Amino acid sequence: DVDYFHGARFFRVRAFFIAQFGIHGDPAVSQEWARQQIPDDPVLQSNRRGFVSYAITDQPNSRSTQMFINLGDNPSYDGAFA
């Protein structure tokens, strides 16, 4: 759905760390998309300031609609978040 992120808000912001978003404002829409998973891609770059990454769990192929903007360099996420 091309309008999924329309009106989406940041729900977690930590200074010099990350700003996370991707939960739809309508719980029914959010729930439907939460079941969709995006296959992992190989990590090719570091989580540097300004880069956008998918939020994942500790399970493979767990990406969905949640993403974050790196507000600082976060090399500890390299290999874990792509």
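**Strand order and selected residues in the predicted model**

Ser64 lies in the loop that runs between strands S3 and S4. The structure described here is a predicted model. Ser64 has a relative accessible area of 17%, and because buried means under 20%, this residue is counted as buried. Leaving aside residues up to four places away in sequence, Ser64 is in contact with Trp33, Gln36, Ile38 and Tyr54.

The two strands joined by this loop belong to an open sheet of 4 strands, arranged in the order S1-S2-S4-S3 with antiparallel pairing. Strand S1 (10-14) and strand S3 (52-54) occupy the edges; each has a single partner strand, so one side of each lacks a neighbour in the sheet. On average, neighbouring strands of the sheet are turned by 20° against each other, direction ignored. In general, the strands of a sheet pair through backbone hydrogen bonds, in either a parallel or an antiparallel manner.

At one edge, S1 and S2 are paired in the antiparallel sense over 4 bridges. Arg14 has Ile18 in S2 as its bridge partner. The two strands, S1 and S2, form a hairpin with 3 residues between them, and Phe16 in the turn has a positive phi of about 65°.

Strand S2 (residues 18-21) is covered on both faces. Ile18 and Gln20 are buried on one side, and Ala19 and Phe21 are buried on the other. Ile18 is thus placed both in the pairing with Arg14 and among the buried residues of S2.

S2 also pairs with S4, again in the antiparallel sense and over 4 bridges. Here the buried residue Phe21 has Met67 in S4 as its bridge partner. Strand S4 (residues 67-70) is in turn paired with S3 in the antiparallel sense over 3 bridges. In this pairing, Tyr54 stands opposite Met67 in S4. Met67 is therefore matched with Phe21 as well as with Tyr54, by the bridge pairing that defines paired strands. Tyr54 is also one of the residues touched by Ser64.

Outside the sheet, Ala34 is located in helix H1 (residues 27-34). The relative accessibility of Ala34 is 48%, and the residue therefore counts as partly exposed, a class that lies between the limits of 20% and 50%. Ala34 and Phe51 are separated by 17 residues in sequence and by 23 Å in space, taken from C-alpha to C-alpha.

Definitions and conventions
Residues numbered from 1 in each chain as written. Predicted model: local features only at pLDDT ≥ 70, side-chain atom pairs only at ≥ 80, totals over all residues. Heavy atoms only, no water. Axes fitted to C-alpha atoms, helices over the stretch in contact; angles between N-to-C directions. Buried < 20%, exposed > 50% of the residue type's maximum accessible area, 1.4 Å probe, protein only. Contact = heavy atoms within 4.5 Å.
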